[in-house]
Amino acid sequence: MSSLTARQNQSGFSLPEYLTCLNGIVWREALRFLHQRERFVSALVRPLVWLFIFAAGFRQVLGISIIPPYETYIPYEVYIAPGLMAMIQLFNGMQSSLSMVYDREMGNMRTLLVSPLPRWYLLFCKLLAGTAVSLLQVYAFLLIAWFWDIAPPPIGYLTVLPGLILSGLMLGALGMLISSGIKQLENFAGVMNFVIFPMFFASSALYPLWRVQEGSPMLYYVCLFNPFTHAVELIRFALYGQINWLSLAVVASCTAAFMIGAIYAYDPSRGLIRRGPAGGEA
Amino acid sequence: MWRRYLLAGTALWLAAATPASAFIAYVSNEKGNTVSVIDTDKWAVTNTIKVGQRPRGIEFTRDGKFVMVAVGDDDTIQVIDARTQQVVDTLPSGPDPELFTQDAQGKLLYVANENDNTVTIIDLEKRARLGDIQVGVEPEGMAISPDGKILINTSETTNMAHFIDTTTHQIVANVLVDARPRFAEFKRDGSELWVSSEIGGTVSIIDPAKHAVTGKVTFEIPGLRREAIQPVGIGMTKDGKTAFVALGPANRIAVVDAASHKVTKYLLVGQRVWHMAFTPDEKYLLVTNGVSNDVSVIDVPAQKVIKTIQVGELPWGITMVPQ
């Protein structure tokens with residue numbers, strides 16, 4: 001350890017040391033995910049219920065209009081698929097935030113945070129691990145959706161990957177930022193009510209924005225300024241091999257902002273973490 | 001790039017010479033009084049030709065040099081030169097021509113005159129009217145048997161498919177089908193005649209030898225009322241294995257297994273899908289969507305709609321260069 005500290009003082013950590021840390025965090029997250037089969041199943045069932053039940057009822061309701069990136073008329077299931085992919089990532093992001101709160105209550109977080117590597121790097125690794133898990137879930141969803149005739153162009157499965165990584169990072173960083181403010185596990189219901197539902201419903205996930213604008217111009221602006229809308233649109237365009245530059249810019253900036261916010265919040269000298277050892281003020 | 005430049009001048013010739021390359025489709029816009037020209041390489045409208053009032057039935061001449069379009073409210077058929085893409089001539093039809101068909105040699109044209117209850121025979125070389133055949137009320141669908149011996153006309157109000165002998169010009173049989181027969185199409189081997197009934201919501205399969213309905217294709221789309229399913233245009237692949245049926249306000253094309261007469265798939269297209277045409281290589285099928293003013297492109301082997309192209313007002317008929 002002394003040699004480590006000495007080297008740290010000279011030139012920081014070496015790449016293998018960074019990778020060891022990344023490996024450790026990702027591996028733990030992967031193990032946790034694999035051991036929680038119910039979580040994987042529920043992460044899949046949720047969007048599938050929306051796809052099979054909700055979308056089936058709305059098939060004939062949605063007005064007919066071709067909007068980019070689509071080049072022809074599409075059934076409603078095809079429209080909501082990118083929204084459901086983003087929903088998987090939204091829930092996953094919030095679930096990671098839940099696990100952060102759990103770790104803090106159980107004391108596991110201390111083990112993580114006493115690592116000599118920089119705090120931002122630890123949080124970033126945690127974020128990457130969460131995103132990787134969400135990618136698995138999304139691709140599993142896409143596989144099932146393929147049998148439901150939701151078949152984007154084959155290249156789309158590849159081009160959507162960067163979009164998914166970025167939106168996964170954004171939603172994970174948001175979850176992390178929120179987790180810094182939640183002191184007890186029981187408060188997680190509040191996150192559901194005040195974050196997940198409004199973000200999901202006030203977005204372009206379920207209805208195209210032009211349709212929202214027809215119904216309520218005010219809601220349209222709420223949707224437009226909702227970062228989740230842009231995560232959905234980024235995924236939607238990427239799935240068809242295209243880039244929605246506005247959404248890319250919004251998602252990238254939001255990712256940076258949430259990440260900085262989370263690093264700040266988890267800073268022992270300033271953030272909320274210093275308030276108490278486990279469970280904050282509780 | 002060189003191919004695109006060549007296309008500008010010799011589109012048709014090129015289309016016939018290299019089937020994998022671009023083709024030109026002509027779409028009649030019933031309300032816009034225009035014909036839209038679509039390049040299947042770019043999947044875009046490259047020209048809009050002003051034609052007479054209410055253009056509907058549209059077809060290439062057998063030699064691929066001209067496009068004929070029935071302009072109902074002008075009581076005539078206009079001829080577009082496919083090279084210059086300009087109207088160069090007219091053909092003497094009866095009043096309100098709607099759909100027409102030609103014999104295998106491309107010498108005779110048979111025109112259904114909707115308001116006159118007649119089918120007019122036109123000599124295409126002389127561009128002269130040879131005579132009329134009296135048929136049922138509101139004649140529309142026209143087809144000719146592969147051996148050229150029998151001409152079919154369907155009359156919308158009489159609900160019949162009339163079998164006309166092409167040598168004697170006499171009706172030899174009438175087959176009753178479901179309400180408002182719109183379109184008739186023979187299988188390439190002549191074994192079956194398919195007639196779509198718009199109001200009846202079915203496609204009748206007729207045995208041309210026995211003059212009898214031997215089967216029916218029925219359609220059912222979950223969530224759609226029966227009345228919304230109105231079969232109109234029919235397209236059949238050359239191998240006779242697959243048929244595509246346009247279902248009008250159901251906004252769908254039904255893919256039908258031509259052997260079992262069962263629908264295998266419904267493809268979502270634009271509003272009030274009406275008629276269709278294959279590219280000569282049968283890779284794509286283009287369908288006209290009247291109310292949404294566009295043409296949808298179906299990838300035939302994949303049975304998927306890949307694109308929708310905006311055209312003129314109320315697109316009705318469509319034709320592609322024959323091979």
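Let me start with where the two chains meet: in this predicted model, 11 residues of chain B are in contact with nine residues of chain A. On the chain B side of that meeting, the largest share, four residues, is supplied by strand β27, which spans residues 304–310 of chain B. If we sort the side of chain B that touches chain A by class, we find six polar residues, four nonpolar ones and one charged residue.

Staying with chain B, I would like to turn to one of its sheets. This is an open sheet of four strands, in the order β16-β17-β18-β19, and the pairing is antiparallel. Why is one side of β16 and of β19 left without a neighbour in the sheet? The reason is that β16 (181–186) and β19 (212–218) of chain B stand at the edges, where each has a single partner strand. As for the geometry, neighbouring strands of this sheet are turned against each other by 25 degrees on average, with direction ignored.

Looking at one edge in detail, strand β18 of chain B, residues 202–207, is joined to β19(B) by six bridges, and the two run antiparallel. As an example you can find on the screen, B:Val203 has B:Val217, in β19(B), as its bridge partner.

Now to chain A, which contains 12 helices and zero strands, so that, reading along its sequence, one meets the pattern α-α-α-α-α-α-α-α-α-α-α-α. Chain A has 282 residues, of which 37% count as buried. Finally, among the contacts in chain A with a separation of 6 or more, 79% are between residues 24 or more positions apart.

How values were computed: Residues numbered from 1 in each chain as written. Chains lettered and ligands numbered in written order. Predicted model: local features only at pLDDT ≥ 70, side-chain atom pairs only at ≥ 80, totals over all residues. Contact = placed C-beta atoms within 7 Å. Nonpolar A, V, L, I, M, F, W, Y, C, P; charged D, E, K, R; others polar. Pairing = 2+ DSSP bridges. Axes fitted to C-alpha atoms, helices over the stretch in contact; angles between N-to-C directions. Buried ≥ 20, exposed ≤ 12 C-beta atoms within 10 Å, placed from the backbone.
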